[in-house]
Amino acid sequence: MNDLKTKLHNVRRRIELALENSGRLADSVALLAVSKRHPADRIRNLHSAGQLQFGENYVQEALQKQQLLGDLDIIWHFIGPLQANKTREVAEHFHWVQSADREKLLHRLSNQRPPSLPPLNVLLQVNIDLEAQKAGARPEEVAKLAQLANHLPGLKLRGLMAIPSIQTSNPTGSSFDRMKQLFEKLRADGFELDTLSMGMSVDLESAIEAGSTMVRIGTDLLGER
Ligand SMILES: *Cc1c(COP(=O)(O)O)cnc(C)c1O
C-alpha cells in the first residue's frame with residue numbers, strides 16, 4: 001500500500017514538473033493507471049490512494065477484475081488491441097475505448113452501447129510510425145474515422161491515442177509532435193476534441209512537452225508485470 005502511495009506521488013510529481021518545464025497549465029494532463037496483469041487487490045489499493053482512472057488491455061481479464069471491484073467508482077478505459085468479436089463487452093463495461101481504429105469497430109461499438117448508458121468515450125488509435133505489427137489507423141485515414149465517430153449516436157469522440165515506437169519516442173519527440181499536429185488539425189476542422197493520449201512510463205516527459213493531455217502509466221505506478 002505504501003509503495004503504491006509513493007509511486008503515485010512520484011508519477012504525479014513528474015507530470016507536474018513536465019508541465020512546468022513546458023510552460024503548460026497545472027492539471028492539464030490526466031493520469032491513466034494501466035493495470036493489465038496486476039490483480040484486483042492492487043487496483044483497489046491504488047484507487048484508495050486516490051487514483052480513479054484505470055486502463056486494461058484484455059477483455060476477459062478486465063471483466064473479472066471489474067466484478068471484484070464493482071463497489072468502486074473507477075473509470076475504466078479499454079486500451080488493448082480490439083477485435084470485432086469483443087466490441088460488445090467493451091461497449092457494455094467500459095467508459096472509454098482508446099483503441100478504435102476502423103469503421104467496423106466504430107459501428108459495432110455504437111450499436112452495442114446500451115441506451116441506458118451515456119455515449120462511450122472514444123479515442124481513435126493512430127499508427128503514427130506506420131509499424132507493421134501495431135494496431136491503429138494510418139494518419140491519412142483519421143479524418144474520415146473522426147467524421148464517422150462524431151455521427152454515431154452511441155459514441156462520443158474525444159480525441160486520439162498513439163503508442164509511438166521506442167526509437168521515435170526519444171526526447172526529440174517527433175512522433176509525439178506529429179500526433180499533436182494531427183490532433184490540432186482535427187480541432188481546426190471543427191472536431192471538439194479534448195484528449196490526446198500519449199506517453200508511458202519511459203517517455204511521459206517528452207509526450208507532455210509535445211502536448212499530451214493523458215499519459216498511460218503501468219510500470220512506474222504498479223510495478224513490473
Ligand atoms: C502497457 C501499456 C501502457 C503502459 O506501459 P508502461 O510502460 O508499463 O507504463 C500504456 N499504454 C498501452 C496501450 C499499454 O498497452
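These legends walk through close-up views of a predicted model.

**View 1. The ligand and the residues around it.**
Twelve names matter here, so let's start with the ring of neighbours: Val34, Lys36, Asn57, Ile79, Ile163, Met200, Ser201, Arg216, Ile217, Gly218, Thr219 and Arg225 surround the ligand. Zoom in on the ligand's oxygen atoms and some short distances show up. Ser201 puts a polar side-chain atom 2.6 Å from a ligand oxygen, and Thr219 does likewise with a polar side-chain atom at 2.6 Å from a ligand oxygen. Gly218 takes part through its backbone, with an N or O atom 2.8 Å from an oxygen of the ligand.

**View 2. The largest pocket.**
How much space lies in the largest pocket? It comes to about 400 Å³. The lining takes in 20 residues, and the closest to the pocket centre are Lys36, Asn57, Ile163, Met200 and Arg216. Those five names should ring a bell from the ligand view, where Lys36, Asn57, Ile163, Met200 and Arg216 are among the residues surrounding the ligand. Sorted by class, the lining is a mix of 9 nonpolar, 6 polar and 5 charged residues.

**View 3. The second largest pocket.**
This one holds about 250 Å³ of space. Its lining consists of Arg12, Ile15, Glu16, Leu19, Asp27, Val29, Ala30, Leu31, Gly50, Gln51, Leu52 and Gln53. Which element gives the largest share of that lining? Helix α1 does, with 4 residues. Both α1 (2-21) and β1 (30-34) supply at least two lining residues each. The class split is 6 nonpolar, 3 polar and 3 charged.

**View 4. Asp27 and Leu130, two loop residues with positive phi.**
Most residues other than glycine have a negative phi. Asp27 goes the other way, with phi near 65°. Asp27 sits in the loop between α1 and β1, and it also helps line the second largest pocket. Is Asp27 buried or exposed? With 76% relative accessibility, Asp27 counts as exposed, because the cut-off for that label is over 50%. Leu130 is not a glycine either, yet its phi is positive at about 50°. Look for Leu130 in the loop between β5 and α6. At 48% relative accessibility, Leu130 is classed as partly exposed.

**View 5. Gln98, a buried glutamine in strand β4.**
Gln98 belongs to β4 (residues 96-100) and is buried, with 0% relative accessibility. What does its side chain make a polar contact with? The partner is the side chain of Ser197, at 2.8 Å. Apart from neighbours within four places in sequence, Gln98 touches Leu32, His77, Phe78, Ile79, Leu123, Leu124, Gln125, Met161, Ser197, Met214 and Arg216. Two of those names link back to the ligand view: Ile79 and Arg216 are among the residues surrounding the ligand.

**View 6. Leu196 in strand β7.**
Leu196 is part of β7 (residues 195-197). Its relative accessible area is 0%, so Leu196 is buried. Skip the neighbours within four places in sequence, and the contacts of Leu196 are Leu160, Met179, Lys180, Phe183, Gly211, Ser212, Thr213 and Met214. Phe176 makes a handy reference point: Leu196 and Phe176 are 20 residues apart in sequence, with their C-alpha atoms 9.8 Å apart in space.

**View 7. Ser175 and Asp129.**
Ser175 lies in helix α7 (residues 174-188). Buried or exposed? Ser175 counts as buried, at 0% relative accessibility. The side chains of Ser175 and Asp129 are joined by a polar contact of 2.9 Å.

**View 8. The buried residues of helices α3 and α5.**
In α3 (residues 59-68), the buried residues are Val59, Glu61, Ala62, Leu63, Lys65 and Gln66. They pack against α2 (40-48), β2 (53-56), β3 (75-78) and α4. Over in α5 (residues 103-112), Leu105, Leu106, Leu109, Ser110 and Gln112 are buried. The packing partners of those α5 residues are α4 (87-93), β4, β5 (120-126), α6 (142-151) and β6 (155-162). An α-helix has 3.6 residues a turn, so residues three or four places apart point the same way.

How values were computed:
Residues are numbered from 1 along each chain as its sequence is written. This is a predicted model: local features need pLDDT of at least 70, side-chain atom pairs count only at pLDDT 80 or more; totals for chains, interfaces and linings use all residues. Side-chain values use heavy atoms; hydrogens and water are left out. On a 1 Å grid over the protein atoms alone, a cavity is a set of points where a 1.4 Å probe fits but cannot get out, and a pocket is an open set with protein on both sides within 12 Å along at least five of seven lines; lining residues have an atom within 4 Å of a point. Grid points are joined across faces, edges and corners, and a volume is the space filled by probe spheres set on the points. Ala, Val, Leu, Ile, Met, Phe, Trp, Tyr, Cys and Pro count as nonpolar, Asp, Glu, Lys and Arg as charged, and the others, Gly among them, as polar. Buried means under 20% relative accessible area, exposed over 50%, partly exposed in between (1.4 Å probe, protein chains only). Contact means heavy atoms within 4.5 Å. A residue is near a molecule or strand if one of its heavy atoms lies within 4 Å of it. A polar contact is a pair of N or O atoms within 3.5 Å; within protein, one must be able to donate a hydrogen and the other to accept it, and residues adjacent in sequence count only if both atoms are side-chain atoms.
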